[in-house]
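User: I would like to go through the terms used for this model and see what stands behind each of them. Please set each value against its cut-off.

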There are 2 protein chains.
Amino acid sequence: VDTRAEKQMEQHINSLTKPLGSLGSLESLAIKLAGIGRSTQPEIDPATVIVMAADHGVTKEGVSAFPSEVTKQMLHNFMNEGAAINVLAQVANASVEVVDIGVKENIELPGLINKKVRLGTNNMMAGPALTREEAIAALETGIEVAEGAIQKGAKLIALGEMGIGNTTASSAILSVLGQTSIENVVGVGTGINHEDKERKIQVIKQAIKINQPNPHDPIDVLGKVGGLEIAGLAGVVLGAAATRIPVLLDGFITSVAALTAVRINPVCEQYLIASHQSVEPGHIVVNQLLGLQPLIDLNLRLGEGSGAALALPIVRSAVHIVHNMATFEEAKISGAKDGSLKGNT
Amino acid sequence: VDTRAEKQMEQHINSLTKPLGSLGSLESLAIKLAGIGRSTQPEIDPATVIVMAADHGVTKEGVSAFPSEVTKQMLHNFMNEGAAINVLAQVANASVEVVDIGVKENIELPGLINKKVRLGTNNMMAGPALTREEAIAALETGIEVAEGAIQKGAKLIALGEMGIGNTTASSAILSVLGQTSIENVVGVGTGINHEDKERKIQVIKQAIKINQPNPHDPIDVLGKVGGLEIAGLAGVVLGAAATRIPVLLDGFITSVAALTAVRINPVCEQYLIASHQSVEPGHIVVNQLLGLQPLIDLNLRLGEGSGAALALPIVRSAVHIVHNMATFEEAKISGAKDGSLKGNT
């Protein structure tokens with residue numbers, strides 16, 4: 001990122017008609033976006049939410065509150081504009097692209113982007129979820145999808161996901177990449193009970209024991225205990241960062257995907273914006289590893305990109321503030337008495 | 001508020017295609033809006049930000065980082081669309097009404113609503129800021145302004161303020177009404193240093209000692225240590241609540257105005273929504289007294305309605321979710337395995 005643009009942006013913000021620093025996180029966000037966009041006039045519109053969907057063989061082990069077929073059913077719901085992400089993206093003035101990167105049945109739906117790498121993952125309790133080649137194919141698919149969205153004009157990409165069982169895969173990845181205990185990073189997902197959560201922990205332990213993913217090889221981890229949508233979203237981050245486009249994360253799963261991308265190419269980290277603090281306990285862990293502070297905390301645990309869509313107007317506000325607010329000089333407003341702000345008195 | 005509509009809304013939310021409770025604060029917000037609007041189809045649009053501006057005689061005592069004339073200068077900035085609230089309201093798709101309820105000079109500006117009760121307050125260090133009659137006139141003005149906005153169609157009113165010196169008056173009011181120590185509720189306002197903050201505390205102590213406002217008579221408090229824009233905003237809350245319109249608060253000053261309204265008429269409390277957590281230490285105190293939990297925390301300390309505008313898209317999202325999301329039944333999506341959600345399997 002461009003530290004000169006960041007410095008210029010900071011100076012510009014300090015010239016605007018408001019007390020110094022009084023717009024808090026909006027100011028640091030605008031500075032970050034200036035660095036990413038290498039401009040004191042960064043843009044985030046049009047913004048696109050990329051929702052990647054896939055199934056997980058590990059759902060056989062009873063790790064989710066919902067049956068596996070809900071992934072497919074939710075794709076229908078997305079295409080009919082009936083899901084939370086449809087509604088929230090509309091309010092946030094963002095478009096939604098839904099990508100089938102590995103749902104376990106073949107689906108044809110108008111508008112659905114078919115980029116299926118394979119029909120769901122294998123059960124990671126019994127062996128690798130994906131081969132290394134499949135993990136790489138999913139990453140490449142994500143890069144392609146990001147490039148496609150950017151070619152169509154996207155200036156910001158928000159991440160979303162749908163995949164029954166994907167908090168299990170995300171917890172496994174994070175435990176390995178973060179070299180932290182599984183108990184630390186496992187939550188209730190869409191709403192399992194205490195007993196199911198204990199089973200989820202044992203399933204992840206067993207999957208890691210059997211597959212022995214290499215914590216220093218993120219692609220190995222993505223393949224052995226990951227998921228197709230997680231690898232795809234990691235690819236989206238790689239593709240967006242390569243084109244200097246900011247990436248707005250959603251919750252736990254998208255943040256784990258971003259961590260994987262950062263482990264593949266550390267430069268990605270500078271392009272990430274955390275939207276919300278999820279209820280999933282692993283989300284705090286992954287955000288700490290990424291050095292990110294979420295903008296909002298509304299006790300969400302839905303996924304789909306819902307938290308990213310909710311935070312998008314805040315990101316847009318940061319951009320519009322620097323584009324459209326008057327400076328003290330333009331507005332002929334007196335500065336602070338101690339001279340910390342320039343005015344005309 | 002209508003507890004039956006609240007219950008019906010809760011049931012409706014639980015039928016939507018998402019894990020139970022997974023939209024967190026959005027769900028409680030939608031339930032609250034159903035109670036306020038007495039409908040499971042509450043509306044918040046069009047939304048209007050009412051910004052009340054006035055001057056404070058107490059600025060003579062050096063309690064603010066900015067000179068008093070900035071209030072007037074900022075009204076020009078508002079009318080030229082150059083201030084933070086103009087930009088943020090535009091992003092949030094809200095209109096802005098700016099009301100001069102007591103700026104210390106006469107101003108005529110196209111679009112500015114002239115409702116001047118008097119030319120600024122007296123210095124509360126030397127006697128009452130306002131007479132009881134003036135405080136009542138400011139309250140009545142606020143009720144009128146709210147009624148006017150509602151007649152023009154507003155379904156939600158957000159509060160904003162401009163008045164150099166008004167954190168001093170707000171801290172004084174809160175200290176008296178909340179019967180809490182002044183040190184607890186005084187902050188740096190627009191950015192004073194440690195020494196000025198000490199002076200601000202002494203000024204408030206002296207003002208309370210001289211004027212002896214009665215903590216059980218909110219109008220007495222508003223008059224003796226308050227401000228015209230604070231009384232006006234309290235009136236807006238009274239007017240909105242009387243017409244069952246939700247009020248979205250901004251930061252410290254608007255929350256103190258709302259507390260005053262609640263002390264005048266306790267029913268007002270049910271119509272309040274807290275937008276953001278301000279940096280001002282008194283804001284936590286007043287939110288606790290009001291039983292409110294802010295939606296966002298972005299380290300803002302600007303006022304003008306900026307935090308309310310930033311939170312507005314979240315409020316809108318809560319409403320659109322319940323209007324536009326599909327139910328499990330409509331979308332033919334399987335419920336949770338434990339039967340906690342009804343589906344079609």
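The exchange below covers one buried arginine, the overall form of one chain, its sheet and one helix.

Analyst: Note that this is a predicted model.

User: Why is A:Arg316 called buried?

Analyst: Buried means under 20% relative accessible area. A:Arg316 has 8% relative accessibility, so the residue counts as buried. It is found in helix 12 (residues 306-324) of chain A.

User: Which residues is A:Arg316 in contact with, leaving aside its neighbours within four places in sequence?

Analyst: Contact means heavy atoms within 4.5 Å. On that basis A:Arg316 touches A:Ile44, A:Asp45, A:Ala92 and A:Asn93, and also B:Val91 of chain B.

User: What makes the radius of gyration of chain A agree with that of a compact globule?

Analyst: For 345 residues the globule rule gives a value near 20 Å, and chain A has 21 Å, so the two agree. Along its principal axes, the C-alpha trace of chain A spans about 75 × 45 × 35 Å.

User: How much of chain A counts as buried, and how much area does the chain expose?

Analyst: Of its 345 residues, 64% count as buried. The exposed area of chain A is about 12100 Å², with 47% of it supplied by carbon and sulfur atoms.

User: What share of the contacts in chain A between residues at least 6 apart in sequence joins residues at least 24 apart?

Analyst: The share is 74%.

User: What is the order of the strands in the open sheet of chain A, and which are the edge strands?

Analyst: The six strands follow the order 3-2-1-4-5-6, with parallel pairing. Strand 3 (113-114) and strand 6 (272-274) of chain A are the edge strands, as each pairs on one side only.

User: How do you know that strand 4 and strand 5 of chain A pair?

Analyst: Pairing requires at least two bridges between the strands. Two bridges join strand 4 (residues 156-162) to strand 5 (residues 247-249) of chain A, so the requirement is met. The two strands run parallel. A:Ile157 has A:Val247 in strand 5 as its bridge partner.

User: Which residues of helix 11 of chain B are buried, and what do they pack against?

Analyst: In helix 11 (residues 281-290) of chain B, the buried residues are B:Gly282, B:His283, B:Val285, B:Val286, B:Asn287 and B:Leu290. They pack against helix 6 (166-177), helix 10 (252-264) and strand 6 (272-273) of chain B. Just after helix 11, B:Gly291 takes a positive phi of about 65°.

Notes:
Residues are numbered from 1 along each chain as its sequence is written. Chains are lettered from A and ligands numbered from 1 in the order in which they are written. This is a predicted model: local features need pLDDT of at least 70, side-chain atom pairs count only at pLDDT 80 or more; totals for chains, interfaces and linings use all residues. Side-chain values use heavy atoms; hydrogens and water are left out. Buried means under 20% relative accessible area, exposed over 50%, partly exposed in between (1.4 Å probe, protein chains only). Helices (H or I, at least four residues) and strands (E, at least two) are DSSP runs, numbered from the N terminus. The radius of gyration is taken over C-alpha atoms; the globule rule is 2.2 Å times the number of residues to the power 0.38. Accessible areas come from the Shrake-Rupley method with a 1.4 Å probe; for residues, only the protein chains shown count as cover.
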